[in-house]
Amino acid sequence: MLHTALASVLVLFGTSVAVIALSQRLRIPPIIGFLITGMAAGPYGFAFISNERQVNTIAELGIVFLLFLVGLELSLTRLKQLGRIIVI
C-alpha cells in the first residue's frame, strides 16, 4: 500500500515538473499547470493513478497547499482594497 502511494506521488511530481516547465514557456500561471496535471494523471485522464481513494487523498493535500499559496499571495492591505471593490 505504501509502495503504491509513493509511486503515485512520484508520478504526480514528475508530471507536474514537466507541466510547470511547459506552463512557464506558454506564460500561463503555475496553478493552471497544476490543475492540468491533476486532470491528466487522474483516473479520468491518462489514468496514471487509477485508485480513487489515493486520488482523493492527494487532492485534499493539493487543496491545503492551494489555500496556503493564496494566503501567501494576499496581504492585509490587498484584502482591504478588494473589500472596498466588493462593497461598491
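**Note on a predicted helical model**

1. The largest share of the nonpolar patch, five residues, comes from α3. This patch belongs to a predicted model, and about 700 Å² of surface is made nonpolar there by Ile63, Leu66, Leu67, Leu69, Val70, Leu74, Leu76 and Leu79. Two elements, α3 (52-73) and α4 (76-87), are those that give two or more residues to the patch.

2. Among the residues of the patch is Leu79, which is found in helix α4. With a relative accessible area of 44%, Leu79 is partly exposed, because a residue has to fall under 20% to be called buried and has to rise over 50% to be called exposed.

3. The setting of Leu79 can be read together with the helix that holds it. Helix α4 has 12 residues and reaches 16 Å from its first C-alpha to its last, which is close to the 16 Å expected at 1.5 Å a residue. The number of buried residues among those 12 is zero, so α4 lies largely in the open.

4. Helix α2, which covers residues 30-41, also has 12 residues, and at 1.5 Å a residue these should span 16 Å; the end C-alpha atoms of α2 are 16 Å apart, which agrees with that expectation. Where do the buried residues of α2 lie around the axis? The buried residues are Gly33, Thr37, Ala40 and Ala41, and they cover an arc of only 85° around the axis, which puts them on the same side of α2. Leu35 and Met39, on the other side of α2, are exposed.

5. Helix α1 (residues 2-26) is where Ser23 has its place. Is Ser23 buried or exposed? With a relative accessible area of 2%, Ser23 is buried, since the cut-off for that class is under 20%. If its neighbours within four places in sequence are left aside, Ser23 is in contact with Ile28, Pro29 and Pro30.

6. Val9 is likewise found in helix α1, but at 29% relative accessibility Val9 counts as partly exposed. Although Val9 and Ile49 are 40 residues apart in sequence, the C-alpha to C-alpha separation of the two in space is 9.1 Å.

7. A reader checking the backbone may wish to look at Arg27, which has a positive phi of about 60° although it is not a glycine. Arg27 lies in the loop between α1 and α2, and at 76% relative accessibility Arg27 counts as exposed, because that value is over 50%.

8. Taken together, the points on exposure concern several elements of the model. In α2, Gly33, Thr37, Ala40 and Ala41 are buried, whereas in α4 the number of buried residues is zero; the nonpolar patch, for its part, draws two or more residues from each of α3 and α4.

How values were computed. Residues numbered from 1 in each chain as written. Predicted model: local features only at pLDDT ≥ 70, side-chain atom pairs only at ≥ 80, totals over all residues. Heavy atoms only, no water. Patch = residues over 30% accessible without salt bridge, like charges linked within 9 Å, V, L, I, M, F, W, Y side chains within 5 Å. Areas by Shrake-Rupley, 256 points an atom, 1.4 Å probe, with all protein chains shown as cover. Salt bridge = Lys/Arg side-chain N within 4 Å of Asp/Glu carboxyl O. Helix = DSSP H or I, 4+ residues; strand = E, 2+ residues; numbered from the N terminus. Buried < 20%, exposed > 50% of the residue type's maximum accessible area, 1.4 Å probe, protein only. Expected span 1.5 Å × (residues − 1). Arc of directions from axis to C-beta. Contact = heavy atoms within 4.5 Å.
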